[in-house]
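Let's walk through this structure together, starting with the charged pairs and moving on to the strands around them. Keep the view open as you read.

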Amino acid sequence: SVVRGPKLQRMVAAEQVVADCIRQARHTARTSGQPVVLKLKKNERAIGGLVRTILWQGIEGWPTVDDGDGSQVSAPGRTGVGLFLPAAYHVDGKESAVVDTGGTPSRLLLDGVGIQPLQDGNRLWRGQAITQSERRPGLILSAAVRPPIAGDSGSPQVIPVVLIGPDRLPSDASFAAHADSMMGIALVRSDSGGGLRSGVRTTVAPSWEVIGWFGEPGIGATSMAAEVSSITDVPPDLDNAGLVKHESGLHIIEGVPGPGGTLLSVTGDAESGPLVGGRWAELSLLYDGTRLVLYRDGRRIGETTGHPPLLPQVADIILPSVSAERVYVGCMQLTSSLSLAAPADIDDVRVERLGDALAGNLPAGVQFDNEHRIVCHPDGRVEVDANATTNVGIVLKSNSGEQATITVLTGGAVSSVTSQSP
């Protein structure tokens, strides 16, 4: 036992460090409301965290709006001053998009907020390796939005929240175009059956479907973008557990009964906890190399790895290479005209890159059995290697025969067992 003691102690220390890192990552995800990712590297015997680097952030410095008497004031926001649309985009308050003329900067460019445009190292992928062995860094796009109530008269079919695309002037025909954007979030009225979605699934009651996309949508069959929806891509583990339940083919009758009344038969889908509108919601889109994950107020509401052949696999997507990118907030061109996110409020827009940061090395002679990628979600759920419904054991081995198994439950509990060499 005197001989085995130090060897066993290094294994105990190693498994405690790994378990503590997972617990701390889960705590950070729950308190911050954003996912946290860890990497366990076999050959380097290293524990790596994915640090978040802010590429663009719009909280303060939004364009001011006319308060009705000619003076300019800041619009209210959830965390900052906010962006009231469409008034913040119009110098003269008119209902047409401002065009860059006479050398006057257009407010659509939002040059006073954050870093515009994104150039060089601030671009999304900045020309890094594209092989699967050297996967692209993860990205998170987030925004707080207060949409109108979806059932109100006159509510639009589509509300553009934020997208990232090539840097263009407002006078350009492809300014803020969805077709050549690289990443974005939008809201689609769930009973409209049109607009942005590739797999339409209408609901019997109007709400706001959250749509996220990554890649270059293009037109028709030329699309090289993956799309994730809060209705068509509900995480299977949440749907099976009844936490985010969707009912298909629901049949209702609406109208006025009796003489002279009109009854209308409506068939569609229903979702639990829909985004109805009228209050602030924080939306996030995570790209982690193989998946797109949608969050609403820290809760997973959509997840996909892609839908071939209609849409590509997320892991196969390569972003187009452009010299400069721009963050377009509250505006998007779906057809030949520019749509603004009216009537809606937008605040706290963030574009963040997930990059590797070394958290520590295992003791000499101790190694992971395999490479592992751990995602801690804000709702407390922990996934190891994208296993959303399976508890996973992470094995540590030493060159002297000791072994430790760290069991990570999907609910977040972490336990470990250490055994000495024979």
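A salt bridge here is a side-chain nitrogen of Lys or Arg within 4 Å of a carboxyl oxygen of Asp or Glu. With that in hand, a search of the whole structure finds 14 salt bridges. Before we visit some of them, please keep in mind that this is a predicted model, in which local features need pLDDT of at least 70 and side-chain atom pairs count only at pLDDT 80 or more, while totals for chains, interfaces and linings use all residues. Residues are numbered from 1 along each chain as its sequence is written, and side-chain values use heavy atoms, with hydrogens and water left out.

First, the overall picture. The protein chain holds two helices and 26 strands; helices (H or I, at least four residues) and strands (E, at least two) are DSSP runs, numbered from the N terminus. Of its 422 residues, 49% count as buried, where buried means under 20% relative accessible area, exposed means over 50%, and partly exposed lies in between (1.4 Å probe, protein chains only). The accessible surface of the protein chain is about 18,200 Å², and carbon and sulfur atoms contribute 51% of that; these areas come from the Shrake-Rupley method with a 1.4 Å probe, and for residues only the protein chains shown count as cover. Among contacts (heavy atoms within 4.5 Å) with a separation of 6 or more, 66% are between residues 24 or more positions apart.

Now find strand 7, residues 138-146, where eight of the nine residues are buried. Strand 7 runs antiparallel to strand 14 (residues 281-287), and seven bridges join the two. Two strands pair if DSSP finds at least two bridges between them. To see the register, look at L141, whose bridge partner in strand 14 is L285. As a reminder, strands of a sheet pair through backbone hydrogen bonds, either parallel or antiparallel.

Strand 7 also brings us to one of the salt bridges: R146 pairs with D345, with the closest N and O atoms 2.5 Å apart. Because R146 lies in strand 7 and D345 in strand 20 (residues 344-361), the pair ties together parts that are 199 residues apart in sequence. How covered is each partner? R146 counts as partly exposed, at 27% relative accessibility, and D345 counts as buried, at 7%.

A second pair is R326 and D167, with the closest N and O atoms 2.6 Å apart. This pair links distant parts of the chain, 159 residues apart: R326 is in strand 17 (residues 324-329), and D167 is in the loop between strand 8 and strand 9. R326 is buried, with a relative accessible area of 4%, whereas D167 is partly exposed at 32%.

For a third pair, look at R291 and E383, whose side chains meet in a salt bridge (2.6 Å, N to O). R291 lies in the loop between strand 14 and strand 15 (292-296) and E383 in strand 23 (residues 382-384), so this pair joins parts 92 residues apart in sequence. Here R291 is buried at 3% relative accessible area, and E383 is buried at 1%. Salt bridges also form a network, which links R78, E282, D348, R350 and E352.

The loop between strand 8 (158-166) and strand 9 (183-189) deserves another visit, since H178 is found there. H178 counts as buried, at 12% relative accessibility. Which residues does H178 touch? Leaving aside its neighbours within four places in sequence, H178 is in contact with L196, W213, P217, M332, Q333 and L334.

Further along the chain is an open sheet of four strands in the order 21-24-25-26, with antiparallel pairing. Strand 21 (366-368) and strand 26 (414-419) stand at the edges with a single partner strand each, so one side of each has no neighbour in the sheet. Strand 21 is joined to strand 24 (residues 392-398) by three bridges, and V366 stands opposite S398 in strand 24.

Finally, a look at confidence. The protein chain averages a pLDDT of 78, and 77% of the residues score at least 70; pLDDT is the predictor's confidence in each residue, from 0 to 100. Over residues 1-5 the pLDDT is below 50, and this stretch has three contacts in the model beyond near neighbours in sequence. Residues 93-103 also stay under 50, and for them the model has 18 contacts beyond four places in sequence. Where pLDDT is low, the predicted coordinates should not be read in detail.
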